[in-house]
Amino acid sequence: MLFDFKLIKSVYEQMPERVKNARKNLGKPLTLSEKILYSHLSVEEKGNKFTRGEDYVNFAPDRVAMQDATAQMALLQFMNAGKTKVAVPSTVHCDHLIQASIGAEKDLADAKQQNNEVYDFLESVSQKYGIGFWKPGAGIIHQVVLENYAFPGGMMIGTDSHTVNAGGLGMIAIGVGGADAVDVMAGMPWELKMPKLIGVKLTGKLSGWVSPKDVILKVAGILTVKGGTGAIVEYFGEGADSISCTGKGTICNMGAEIGATTSIFAYDRNMSNYLRLTGREDVADLADVVMGNLRSDEEVYENPEKYYDQVIEINLSEMQPYINGPFTPDLAHSLSEFGKAVKENNYPQTLEVGLIGSCTNSSYEDLSRAASLAKQAKDKNLRVKAEFVVTPGSELVRYTTERDGILKEFEDIGGVIMANACGPCIGQWKRHTEDPTRKNSIITSFNRNFAKRNDGNPNTHGFVASPELVTALAIAGDLCFNPMTDTLINEDGVEVRLDEPKGLEFPPKGFDMKDSGYLAPGADGSAIVINVNESSERLQLLAPFQAWDGKDWTGLNLLIKAKGKCTTDHISMAGPWLRYRGHLDNISNNMLIGAVNYFNEETNSIFNPVNGKYEEVPVTARDLKASGLGSVVVGDENYGEGSSREHAAMEPRHLGVKVVIVRSFARIHETNLKKQGVLGLTFANKADYDKIQEKDKFDVTGLTDFAPGKPLKLVVTHEDGTKDTIVANHTYNDVQIEWFKAGSALNLIRIQNAK
């Protein structure tokens, strides 16, 4: 489908002059990322040259995309912004609330019934404010965006960390919290620290068992879960141009797992072909004309070390498949070494479930390559040893792969086709098991594998690989099986080998579908009234957070000192909690229940200063709030890693948390805390984390002189009366300090719109 052609045409008409001016102002050749960033400066932006990693910059993104779980809170906030219509093209995609259980048809019907109130709310708000609405079953947001909205050289934000998937079509696409989306939908400039640039030079060409997924699995092993923080990862080289558009999307998608602001590939013939075969020939024609502005300057490619902050080089021809995990997406194992790691670490060797698809790997190419292995299993009389689950990413791909017999190949070996939704990838998986807590192994082609992520079981060892490798291991039912070297015994007792997977980048008969599931907004939504039942457990209108009282804070209590990895999954779990994403008070009952308490090594058990007992985190927070006592959360490295969910910032704000101080933040979460009026700080001396004791009280000094670059101080009083003074750094600029003073960014927008 072709959307927003006038907008895209306008971007391409203005881009050459803007790139020319940026090149002149910077006095050097430009990378692709710089061309897009400088072409999207907000009209309010006064600067014309910015220091990477230091300067905050105002941008004007072309569009906003929201998935249903995060859209609820984003739109509840937008309703308070004082606007009658969104200022930029925006869409809502119903993909998160569909639970995978039995199969696509039954699961989708159940979801529509169970989530009817939420779907009706999102549809009516979309109609009222001019937002495109994609119905349940239409597909996962990132695949639908790639197929319909992404365009080379554009800039978008989305309320999901995997918005970065659109980098596969040459777009700067950044995951944000709902408050950031509100800024853009309200016509305000959107602020981002000018990212650093990591260049990944790809040479050679993929072959055999190696797929685009293996590129990002290898990169994740190199950079780790926080190695890309504050940076755009830009792929280039002959190897980059050889990868299919959807393969590029897979690589960019998992860039969220290394903390990158986004990832991107330069425009090439593969992207042009993808645009043309998904009904966007006119966009491809325009992009072809300005191709020079949709790629880095040649000088950059010739001497990348001069223009990127870091350069990594990978020869695709020498690569082998990778399997990452468990429990973290950056624990990278080459296939040849993985079996050894399984045995040395005592990972459960028997593979119980293989799951393919999701927003990361559900293209026609992905599914056709995996299906070639499924067909081999049938033809070679192999019994599939593990359960096998397939999640198509969009109705376009589902309908086309069903028409072409690809889905039948999976069904013929016992595969279950789930709805076009996130499903097991985000914990929306009703796994059928007699013991939901036992130690076991699964392997997926998804992007995240944190503990409890997929099925809620902390003892499920989740591993990540390409769809074809997942399929091969599911056939074997053995994590130590290496399809490149090992054989299997079929039902006739004959030793057989799996041949290399083969697939097609595009369907020979073209893409097709009967119903896209798209509902366009009406021309005038002013007469639409949005009603939210006060007794609803799913939806709750928002009340503004209280503004800062103008004083330093004293007598704050420690709520929790989180130990080790504390992702947004730990702070605000998904799975069954997704049903409360539109009800701030109800979902706050999951706040930090997955975080490990430093003092007792347990989850959801902390000291309650009000009654002196050990209780659940939300219960303790509510007791402190009811007693008029503010609280402090202390965290470790890369705090808030993972999903963009702003609930992980709104819940602490709602339950009285005033300060979150950590060794380091993940980018999106730090911004979300700032947007909601929570004071996000880092230890100037990381060793000061160790000084925090269980019954500490905190005074925050320096707030009355809060200024950019000026540290604050925390005076920590211990139970025995001794004190430590801790220097706390922050990254607030002048505008962000105004958010803090107003009580939230939304409060400030409301004040400005009322003038």
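In which strand is Glu234 found? In this predicted model, the residue belongs to strand S9, which covers residues 231-236. Glu234 makes a good starting point for a tour. Its side chain is buried yet has no salt bridge. The nearest side chain of opposite charge is that of Arg52, 8.4 Å away, and a salt bridge calls for a nitrogen and a carboxyl oxygen within 4 Å. Polar partners are found elsewhere. The side chain of Ser33 makes a polar contact with the side chain of Glu234 at 2.7 Å, and a polar atom of the Glu234 side chain lies 3.3 Å from the backbone nitrogen of Leu32. Both Leu32 and Ser33 also appear among the residues that Glu234 touches beyond four places in sequence, together with Thr31, Ile198, Gly199, Val200, Ile264, Ser296 and Tyr308.

A second buried position worth a visit is Asn672, in helix H23 (residues 667-675). Its relative accessibility is 3%, so Asn672 counts as buried. The side chain of Asn672 reaches the backbone oxygen of Ser644 at 3.0 Å. Ser644 is also one of the contacts of Asn672 outside its sequence neighbourhood of four places, the others being Gly177, Arg645, Glu646 and Ala649. The helix around Asn672 shares this covered setting: 9 of the 9 residues of H23 are buried, so the helix is largely enclosed by the rest of the structure. Charged residue types are included in that set, among them Arg667, Glu670, Lys674 and Lys675. Just after H23, Gly677 adopts a positive phi of about 90°.

Helix H8 offers another covered element. Spanning residues 212-223, H8 has 12 residues and extends 17 Å from its first C-alpha to its last, close to the 16 Å expected at 1.5 Å a residue. Of these 12 residues, 9 are buried, and the helix is mostly covered. The buried set consists of Pro212, Lys213, Asp214, Val215, Ile216, Leu217, Val219, Ala220 and Leu223. H8 is followed by Thr224, which has a positive phi near 70°.

Burial is not confined to helices and strands. Leu169 sits in the loop between strand S5 (155-158) and strand S6 (172-175), and because its relative accessibility is 0%, the residue counts as buried. Leaving aside neighbours within four places, Leu169 is in contact with Leu146, Ala150, Phe151, Pro152, Cys245, Met271, Tyr274, Leu275 and Arg280. Leu169 and Thr262 are 93 residues apart in sequence, while their C-alpha atoms are 12 Å apart in space.

Cys245, one of the contacts of Leu169, leads to the cysteines. The count of disulfides in the model is 0. Cys245 is in no disulfide, and the nearest cysteine sulfur, that of Cys252, is 9.3 Å away. Cys245 is itself buried, with a relative accessible area of 1%. For Cys359, the closest cysteine sulfur is that of Cys425; the two are 5.6 Å apart, which is too far for a bond, since a disulfide needs the sulfurs within 2.5 Å. Cys359 is buried as well, at a relative accessible area of 6%.

Some backbone details complete the picture. Most residues other than glycine have a negative phi, and most peptide bonds are trans. Against that background, a cis peptide bond joins Gly325 and Pro326, with omega of about 5°. Pro326 lies in the loop between strand S12 (322-324) and strand S13 (332-334). A positive phi in a residue other than glycine is found at Asp4, where the value is near 55°. Asp4 is located in the segment before helix H1 (5-26), and with 29% relative accessibility this residue counts as partly exposed. Asn346 is not a glycine either, yet has a positive phi of about 60°. The place of Asn346 is the loop between helix H14 (335-344) and strand S14 (351-357). Is Asn346 buried or exposed? With a relative accessible area of 54%, Asn346 is exposed.

Key: Residues are numbered from 1 along each chain as its sequence is written. This is a predicted model: local features need pLDDT of at least 70, side-chain atom pairs count only at pLDDT 80 or more; totals for chains, interfaces and linings use all residues. Side-chain values use heavy atoms; hydrogens and water are left out. Buried means under 20% relative accessible area, exposed over 50%, partly exposed in between (1.4 Å probe, protein chains only). Helices (H or I, at least four residues) and strands (E, at least two) are DSSP runs, numbered from the N terminus. A polar contact is a pair of N or O atoms within 3.5 Å; within protein, one must be able to donate a hydrogen and the other to accept it, and residues adjacent in sequence count only if both atoms are side-chain atoms. Contact means heavy atoms within 4.5 Å. The expected span of a helix is 1.5 Å times one less than its number of residues.
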